[in-house]
Amino acid sequence: MNEKISVIVPCYNEEEALPYFYEEIVKTAKHMDVFKFEFLFVDDGSKDDTLKLLTDLSEKDIRVKYVSFSRNFGKEAAIYAGLQNSSGDYCVLMDADLQDPPALLPEMMEAIRDEGYDSAATRRVTRKGEPPIRSFFARMFYRIINRISDADIVDGARDYRLMTRQMVDTILDMKEYNRFSKGIFGWIGFNTKWIEFENIERVAGETKWSFWKLFKYSLEGITAFSVLPLQIASVFGVLFSLIAFIMIIVIILRTILFGDPVSGWPSMVCIVMLIGGVQLLSIGILGQYVSKTYLETKHRPIYICKSSNIDLKSNDNGE
């Protein structure tokens, strides 16, 4: 019996790119004819004709499966839904814009079956075509998160990776509502082979990731896999308390010994503003973690399916 590969493709407003992607993934499947394939597309609440295109493809090709959300829940929810509803012995995550070249799939499979790896992941060695400021902050993010967390996140890593069923099931066991897949992939361990390739621009359509969205996503990753920001806030509190105590002693001694009164309200205002700013920063950091706890305790589903051509597996976040 042939083993099956589940190709999981999160989609959000990808009607322009999907025809090109489908053509390329079908070609790759033909070259890997020793495997059975299923193409599982997750429509993340698209506002264009992505869902219509998927339903048309499913009528022509029985390998095409789709899950359509009731609204946009985000790529992390789409990844989880795809993994949860896949049926393959192996699962591969890919973007629909062909920035993840399907032609690498045979090499990735070879790494797992012949070389004994649990997953084969990809990373970009160049960021050609990407704005310089965005590339700079992306590199800084990878440096920071690898220093402050236990998750092993490789610079330039993409979500494009092939995994064994054992690794997929382990990922699904982590049912947290606030998900950061790049961190989860690194945190759970397993042997991963990294395959490098040069950056490829989108085949069609526009990127859905603005600088602001990427910034918020980076904060999600930091708060999901590190408590260092909380420790920094605590250090600031201790440091400023110590400085304040020392300054009180200095002012008292100076007044007693030299009769020099305290003067200078501008400097006082600056100090108050500095300490107030640090306090607000610390409260904001604490608020980020509290908000994560608040969302987790609600036990809301990670996604809500509106329509699908498969029997969905139970969707919950731990309850």
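Is Lys 27 buried, partly exposed or exposed? In this predicted model, Lys 27 is partly exposed, because its relative accessible area is 40% and thus falls between the limits for buried and exposed residues, 20% and 50%. The legends below begin with an overview and then treat the close-up views in turn.

**Figure 1. Overview of the predicted protein chain.** The chain has 319 residues, of which 43% are buried. Its secondary structure consists of 10 helices and 8 strands. Among contacts between residues at least 6 apart in sequence, 81% link residues at least 24 apart.

**Figure 2. The largest nonpolar core and the surroundings of Phe 39.** This core contains 35 residues, and the members that touch the most others are Ile 5, Val 7, Phe 37, Phe 39, Phe 41 and Leu 162. Helix H1, residues 18-31, is the element that gives the most to the core, contributing 6 residues. Neighbours within four places in sequence being set aside, Phe 39 is in contact with Val 7, Tyr 22, Ile 25, Val 26, Ala 29, Asp 61, Arg 63, Val 64 and Lys 65. A second core, separate from this one, has 25 residues, including Ile 8, Val 67, Cys 91 and Ile 171.

**Figure 3. Packing of helix H1 against helix H2.** The axis of H1 comes within 11 Å of that of H2 (residues 50-60), and the two cross at roughly 30 degrees. Because this angle is under 35 degrees, H1 and H2 count as roughly parallel to each other. Their crossing is right-handed. On the H1 side the contact is formed by Leu 18, Pro 19 and Tyr 22, and on the H2 side by Thr 50, Leu 53, Leu 54 and Leu 57. Of these residues, 6 are nonpolar, 1 is polar and none is charged.

**Figure 4. Packing of helix H3 against helix H6.** H3 spans residues 75-84 and H6 spans residues 165-173; their axes come within 10 Å and cross at roughly 130 degrees. The two helices are therefore oblique to each other, and their crossing is left-handed. H3 supplies Tyr 80, Leu 83 and Gln 84 to the contact, while H6 supplies Arg 165, Val 168, Ile 171 and Leu 172. The contact residues comprise 5 nonpolar, 1 polar and 1 charged. Ile 171 of H6 also belongs to the second nonpolar core.

**Figure 5. Two residues of helix H1 and their partners distant in sequence.** Lys 27 is located in helix H1. Its C-alpha atom is separated by 8.8 Å from that of Pro 102, which is 75 residues away along the chain. Tyr 20 is also located in H1 and is partly exposed, with a relative accessible area of 43%. Tyr 20 and Leu 98 are 78 residues apart in sequence, yet their C-alpha atoms are 7.9 Å apart.

**Figure 6. Leu 98 and His 299, two non-glycine residues with positive phi.** Most residues other than glycine have a negative phi. Leu 98, however, has a positive phi of about 65 degrees. Leu 98 occupies the loop between strand S4 (90-93) and helix H4 (105-113). Because its relative accessibility of 13% is under 20%, Leu 98 counts as buried. His 299 has a positive phi of about 55 degrees and lies in the loop between helix H10 (265-298) and strand S8 (305-308). With a relative accessible area of 39%, His 299 is partly exposed.

Methods: Residues are numbered from 1 along each chain as its sequence is written. This is a predicted model: local features need pLDDT of at least 70, side-chain atom pairs count only at pLDDT 80 or more; totals for chains, interfaces and linings use all residues. Side-chain values use heavy atoms; hydrogens and water are left out. A nonpolar core is a set of buried Ala, Val, Leu, Ile, Met, Phe, Trp, Tyr and Cys residues joined through side-chain atoms within 4.5 Å. Buried means under 20% relative accessible area, exposed over 50%, partly exposed in between (1.4 Å probe, protein chains only). Helices (H or I, at least four residues) and strands (E, at least two) are DSSP runs, numbered from the N terminus. Contact means heavy atoms within 4.5 Å. Axes are lines fitted to C-alpha atoms, for helices over the stretch in contact, and angles run from 0 to 180 degrees between N-to-C directions. Angles under 35 degrees count as roughly parallel, over 145 as roughly antiparallel, 65 to 115 as roughly perpendicular and the rest as oblique. A crossing is left-handed if the near helix is turned anticlockwise from the far one by less than a right angle, and right-handed if clockwise. Ala, Val, Leu, Ile, Met, Phe, Trp, Tyr, Cys and Pro count as nonpolar, Asp, Glu, Lys and Arg as charged, and the others, Gly among them, as polar.
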